[in-house]
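Here is a short, friendly walk through a model you can turn on your own screen. Have the viewer open as you read, and follow along from the loops to the helices and pockets.

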Amino acid sequence: MATTADETRAGLPTPHTIRLPGIVLGVGLGGFLDGILLHQLLQWHHMLSGTDHDHIGVRYYNPHTVPGLEMNTVWDGIFHAVCWIAVLLGLAILYARVTHDRRRVWGSRVLWGWILVGWGLFNLVEGVLDHQILGIHHVRGGPEQAWWDAGFLILGALLVAGGYLLQRGGAPSGPEAPHATGPR
């Protein structure tokens with residue numbers, strides 16, 4: 001990652017300019033990681049795999065049966081489509097806000113910090129809404145599911161805090177920011 005002095009010299013946008021696109025990208029990328037790792041590779045849960053104990057009365061689709069897995073796969077696909085839209089939206093906002101030196105933005109601590117914040121926000125919102133309030137699934141069902149769900153929330157909080165600290169370490173730049181002078 002670029003250093004603070006490098007970012008200042010690079011003429012990157014101010015941190016608030018890339019906050020929204022970074023967060024939206026982080027939400028989408030965090031959702032993709034969740035869906036690919038937990039839903040598909042590890043198969044710990046699917047979107048509706050906990051509806052036998054949910055809080056809203058959604059019909060149970062047992063993921064260990066073919067019809068249940070088919071319905072869970074449809075809802076996993078809808079989830080991935082929403083993540084894909086978030087990534088495209090984040091990229092579009094970033095492209096609209098950063099009009100020059102776009103390649104350098106990808107090395108910016110500010111952008112990657114906001115992406116981590118977005119990923120953490122995804123974990124916190126999804127963890128509270130889907131795991132706790134709706135109860136439609138848990139990180140990993142079973143006797144220790146409360147611990148898995150708590151770990152997911154703790155990871156989300158750590159990502160938000162770490163991302164916020166990372167982006168704070170990046171230097172604001174643009175017309176109002178001081179520029180470094182002379183060779184390093």
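Does Gln43 count as buried or exposed? Its relative accessibility is 56%, so Gln43 counts as exposed. The model you are looking at is predicted, and this residue is a good place to start exploring it. Gln43 lies in the loop between α2 and α3, just after α2. Although Gln43 is not a glycine, it has a positive phi of about 55°.

**The overall fold**

Stepping back, the protein chain has six helices and zero strands. Along the sequence, the pattern reads α-α-α-α-α-α. Of the 184 residues in the chain, 42% are buried. Among contacts with a separation of 6 or more, 79% are between residues 24 or more positions apart.

**A second positive phi**

Gln43 can be set beside Asp101, which also has a positive phi of about 55° and is not a glycine. Asp101 sits in the loop between α3 and α4 (102–105). Asp101 has a relative accessible area of 35%, so it is partly exposed.

**Helices α2 and α6**

Two helices can be checked for how their end-to-end reach matches expectation. α2 has 23 residues and spans 31 Å from its first C-alpha to its last, close to the 33 Å expected at 1.5 Å a residue. Helix α6 covers residues 145–168, and its 24 residues reach 35 Å, close to the expected 34 Å.

Which residues of α6 are buried? They are Asp149, Phe152, Gly156, Leu159, Gly163 and Gln167. These buried residues pack against α2 (19–41) and α5 (109–133).

**Two buried residues of α5**

Helix α5 offers a view of the packing from the other side. Gly113 is found in this helix, and it counts as buried because its relative accessibility is 0%. Leaving out residues up to four places away in sequence, Gly113 touches Gly163, Tyr164, Leu166 and Gln167. Two of these names, Gly163 and Gln167, will be familiar from the buried residues of α6.

Leu111 lies in helix α5 as well. With a relative accessible area of 0%, Leu111 is buried. Beyond its neighbours within four places in sequence, Leu111 is in contact with Ile18, Gly22, Leu94, Val105 and Trp106.

Both residues can also be paired with a partner far back along the chain, as the table shows.

| Residue pair | Separation along the chain | C-alpha to C-alpha distance |
|---|---|---|
| Gly113 and Arg19 | 94 residues | 8.9 Å |
| Leu111 and Leu20 | 91 residues | 9.6 Å |

**Ser49 and the largest pocket**

Now return to the loop between α2 and α3 (66–97), where Ser49 is found. Is Ser49 buried or exposed? Its relative accessibility is 16%, so Ser49 counts as buried. The side chain of Ser49 reaches the backbone nitrogen of His46 at 3.0 Å. Setting aside residues up to four places away in sequence, Ser49 touches Tyr60, Pro63, Asn72, Ile136 and His137.

Ser49 also leads us to the largest pocket, which holds about 310 Å³ of space. Its lining has 17 residues, and those nearest the centre are Trp44, Ser49, Pro63, His64 and Gly141. Pro63 therefore appears twice here, as a contact of Ser49 and beside the pocket centre.By class, the lining divides into four nonpolar, 12 polar and one charged residues.

**The second largest pocket**

How many residues line the second largest pocket, and which are the closest to its centre? This pocket has a volume of about 190 Å³. It is lined by 14 residues, and the closest to its centre are Leu37, Leu38, Asn123, Phe152 and Leu155. The elements that each give two or more residues to this lining are α2, α5 and α6. Those are also the helices brought together by the packing of the buried residues of α6 against α2 and α5, and Phe152 is one of those buried residues. The lining of the second largest pocket is made up of 10 nonpolar, three polar and one charged residues.

Definitions and conventions:
Residues numbered from 1 in each chain as written. Predicted model: local features only at pLDDT ≥ 70, side-chain atom pairs only at ≥ 80, totals over all residues. Heavy atoms only, no water. Helix = DSSP H or I, 4+ residues; strand = E, 2+ residues; numbered from the N terminus. Expected span 1.5 Å × (residues − 1). Buried < 20%, exposed > 50% of the residue type's maximum accessible area, 1.4 Å probe, protein only. Contact = heavy atoms within 4.5 Å. Polar contact = N/O pair within 3.5 Å; in protein donor to acceptor, adjacent residues only side chain to side chain. 1 Å grid on protein atoms, 1.4 Å probe; cavity = no way out; pocket = protein on both sides within 12 Å on 5 of 7 lines; lining within 4 Å. Points joined across faces, edges and corners; volume = space filled by probe spheres on them. Nonpolar A, V, L, I, M, F, W, Y, C, P; charged D, E, K, R; others polar.
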